[in-house]
Amino acid sequence: MNPPLHKFWLNPFLRRYAVARLRWQPVLIWGMVVQSLAAFGWLAAFHGSRLFGQSSAAEAALRAWVPILFLQGLLLFVKGTFSVAVGVAREHAEGLSDAQRLTPLPPGHKVLGSLLGLPILDSLLAASLLPWTLASVLLGHIPLETVIRIHLLLGTSAVLHHAIGLVSGTVIRQKIAAGTVSQLLVILLHVIIPLFSKFGVGTLGHLGIETTIAGELSNVSQSAYLKKNLDVAFFHLNLSAAGYQWVAMVLLLALLVLVLRRRWIRAEAHLLSKPLALLCMLALLVSSLGELTPDLRSGVSLKPPKFLLRQLENAPVLLQTSQQALFPVTAMVAFGSIGLYMALLLSTCIAPGPLEIARATQSRGFAAPHPDSAADARSSLPACVAMAGMAHGAWLFLIEQVKANPVFQILLSAAPNQPAWILLAILFPLLSWSMLIELRGRKFAVLLMLSLWLAAPMTATVCSLAGVPFDSWPRWLFASSGLALPSIALINSFKLAPTSLHLPWLVSTGFHAGLCIVLGILILARNRRLKTSAIGSSRS
Amino acid sequence: MSVPAPHGVWVRNLRVDYGPFTAVPHLDLTIPPGEIYGLIGPNGAGKTSTFRALATLLDPVHGEIFLGGRDARHDPEAARAVLAYMPDLAPLPEDLRAAEYLRFFAESHGLYGPARDQRVAACLEAVDLTGRQHVFCRALSLGMRQRLNLARCLLHRPKVLILDEPASGMDVAARASLKEALRAQAASGTTIILSSHILPEVQDICSSIGLLQNGRLVDSGETREVLLRQSHAKKRLRIRTAGSPENLLSWLYSPDALPAHAPVLRGDTVECQFAGDTEAQARFFTRLAGANLAVVSLEEIHSSIEEVVLRLASAPHEPAAP
């Protein structure tokens, strides 16, 4: 009998990694290195604050906690994530994971054991810094509530990072590549996504915990540095940043665990099932809207990029309104595109390749395959239509929420037809992307569509910066990209650009609609051919 | 639809593809419990693909697979509880000792405490590795690694044991101990299906064999019967005469000797191939006796398992059905 999940110390995977990774030599060497760094960091920060900052002992102890937290973050996020990604990729590459997959341990146990076991040395090293934390807590009179909140965030974020490492190691299966990708993802989570999160996907900005921890520390600090508002406005609610962040991290962690579980059961399984992809889309849209609508309603925090400000100076509508209109419009335009990008990402995870479809067709007439395998091989097009509908619905909801704002009333009165445009602008690129995957596979789709979709607007931008008038051919090139269609639809609707992009947009949308029809006919012909050959081979 | 075997291995309509390449176009297989079954064929015949599909590690295009009475396609988790698979040159974790490695798998099968330690010790003893339990896996020789993997497979007393080239890297003594261990497992009711390039051993250990060519089972059954059938497919005769063998050789070239052909002189005997059924063979003997060649002995030479596999390997390559 396998032990229950909550008795995690009996988990064979955890015990196996504990035995292998907690041998006395590496523990001793790493322990000495980490303790030396911690001692230096804590003592230098404490005495430095006393000497140069003229801080009290309590304030100095609080500041001395920062290098300890930083070191714990390095150990857990950077070293731990790397260990997990490389460890699991190595086991896949060497074929060890096959033997592990064959054990009758439930997949949930395997995921939990790997998640806790692979970074066990790093977790232990991070835990070994707790005496320094205790010193700060006692000397700094830090409330226990703050300490618990910070450690809960740190721990949850560490497990989330390790789950990301586990997924990258499971998907990539080459240890150097998996390790590199895991490190890039850490940088993405902590540096890049927070920079862009304000343009529509605010939830992702909460995955890096530095700001919240700094805010928690500043709350208990006697000095006024890093004073921040720690509330998150979510629709009509004001939520605590730490609580909101924790919930967001737990939800993402649950999603990653589901992905890993699917892969433990079937090595060839899609990362997401179709219902799960729809659920993800819904969750992302709701969380994005939740954070965006209060910003747009109050109209204070979003700032448009400078190049857009310059571009918009001559915009016919905006000249008649105040500069306040700029930021909500930027967010609205960004949100239209973000719906498409989310749907493209999710449809890439759920669209079956041509070989999967061929296998599913050939298996007809024989015993039914595994239900998960059959579900993965089903067409993703209905799910894509649903995702486009969701993105469109979210955009309409956003309009509904912000139209009480007088600026928007002017904008909306200038753009009566925008709802239909935005739906078409999301639907056709999304469907053509998924159809191309179903017809020729992911690699082909990525190579062809992304190179065209990215190359076209980039070339147009470079050429117009180099002096070619945007009004001439660059606007056609720019509008030909499927990725730009939702933004252009909104720019057109709100009459934001002095140059008319309406005709190029119509031509490009028509082209993508035509592409959908051609690809649809090719898919139907292919499916008919496959069915005929499957009937022939089953008869023979 | 036939009723699946309650135990053993039962496979119907199995098809395995790698992208556009079909490795196993169609395979039906029934192996009763307690049997040691050798799947024989040249490289690329589809042995490893079949094994991986049986072991639930490869999703076949279609087919039904029952292992020890469990539906491996619809309930792979249940099938995994009763099967063990040892791939060709199975990897070992470099960072664990031999006993630690076995303890991990014993715990994964729900064995803890003294029961786990006893089972680990018994399996190490079964593969003659008791003295190496504290050695790191990375320090074991190739043969020892194979034996340790076999010990891992035996831990949970599987009902179905799938072994891909289990004797790779083993010396003579280790192979003898492997045979002993496998026979003991089969005697306890375990169905064993194996492949090996050491064909005399397969002939020696397997109670039945299947010949695989281009992913199709060409012949299957008890080892002796299969070899006999394959021998009849391309029969050879060895004839010795009291007089000069050259006389016999020249007679074998004459039209009277048909359907014997391709005679070869080997010392004082002549070997030839014979393409005919039993009646043709009887008529041939009568004509040979009437040829006044003073025949001393005449024997039928059975094909060895190597010859059968060589014949399969050199047979024209039929493309698999799409």
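This is a working chat about a predicted model of a complex with chains A and B.

Reader: Before anything else, what kind of model is this, and how are residues and chains labelled?
Author: Residues are numbered from 1 along each chain as its sequence is written, and chains are lettered from A and ligands numbered from 1 in the order in which they are written. The model is predicted, and local features need pLDDT of at least 70, side-chain atom pairs count only at pLDDT 80 or more, while totals for chains, interfaces and linings use all residues.

Reader: What ipTM and pTM does the predictor give the complex?
Author: The complex has an ipTM of 0.81 and a pTM of 0.83 from the predictor.

Reader: And what does chain A average in pLDDT?
Author: Chain A averages 85 in pLDDT, the predictor's confidence in each residue, from 0 to 100, and 86% of the residues of chain A score at least 70. Confidence in chain A is lowest in helix 14 (residues 316–319), with a mean of 48, and highest in helix 6 (residues 120–127), at 96.

Reader: Where is confidence lowest and highest in chain B?
Author: Among its elements, helix 11 (residues 305–314) of chain B has the lowest confidence, at a mean of 73, and helix 3 of chain B the highest, at 95. Chain B averages a pLDDT of 85, with 94% of the residues at 70 or above. Over residues 318–322 of chain B, pLDDT stays under 50, and the model has 12 contacts beyond four places in sequence for that stretch, a contact being two residues whose C-beta atoms, placed from the backbone, lie within 7 Å.

Reader: How many helices and strands does each chain have?
Author: Chain A comes to 24 helices and two strands, whereas chain B has 11 helices and 14 strands; these are DSSP runs numbered from the N terminus, with helices being H or I of at least four residues and strands being E of at least two.

Reader: What share of each chain is buried?
Author: In chain A, 46% of the 540 residues count as buried, and in chain B buried residues make up 46% of 322. A residue is buried if 20 or more other C-beta atoms lie within 10 Å of its own, exposed if 12 or fewer, and partly exposed in between, with C-beta atoms placed from the backbone.

Reader: How is chain B divided into domains?
Author: There is domain 1 (9–229) and domain 2 (235–302), with bounds that come from an automatic or database domain assignment. The C-alpha centres of the two domains of chain B lie 45 Å apart, and the C-alpha atoms of chain B fill a box of roughly 80 × 45 × 35 Å along the principal axes.

Reader: Switching to the interface, how many residues does each chain bring to the contact?
Author: The contact takes 31 residues from chain B and 31 residues from chain A. On the chain B side, the elements that give two or more residues are strand 1 (9–18), strand 4 (62–67), helix 2 (76–80) and helix 3 (98–108). Helix 3 of chain B supplies the largest share of that side, five residues.

Reader: What is the chemical make-up of that chain B side?
Author: The chain B side divides into 14 nonpolar, eight polar and nine charged residues, where Ala, Val, Leu, Ile, Met, Phe, Trp, Tyr, Cys and Pro count as nonpolar, Asp, Glu, Lys and Arg as charged, and the others, Gly among them, as polar.

Reader: Back to chain A, where does helix 9 bend?
Author: Helix 9 of chain A bends by about 45 degrees at Leu188(A), the bend being the angle between axes fitted to the seven residues ending there and the seven starting there. The buried residues in helix 9 of chain A include Ala178(A), Gly179(A) and Val186(A), and what covers the buried residues includes helix 3 (57–94) and helix 8 (144–172) of chain A.

Reader: Is Pro504(A) buried or exposed?
Author: Pro504(A) counts as buried because it has 21 C-beta neighbours inside 10 Å. Pro504(A) is placed in helix 24 (residues 502–539) of chain A, and it touches Arg475(A), Trp476(A) and Ala479(A), leaving aside residues up to four places away in sequence.

Reader: What is phi of Asn214(B), and where does Asn214(B) lie?
Author: Phi of Asn214(B) is near 50 degrees, a positive value in a residue other than glycine, and Asn214(B) lies in the loop between strand 9 (208–213) and strand 10 (216–222) of chain B. Most residues other than glycine have a negative phi.
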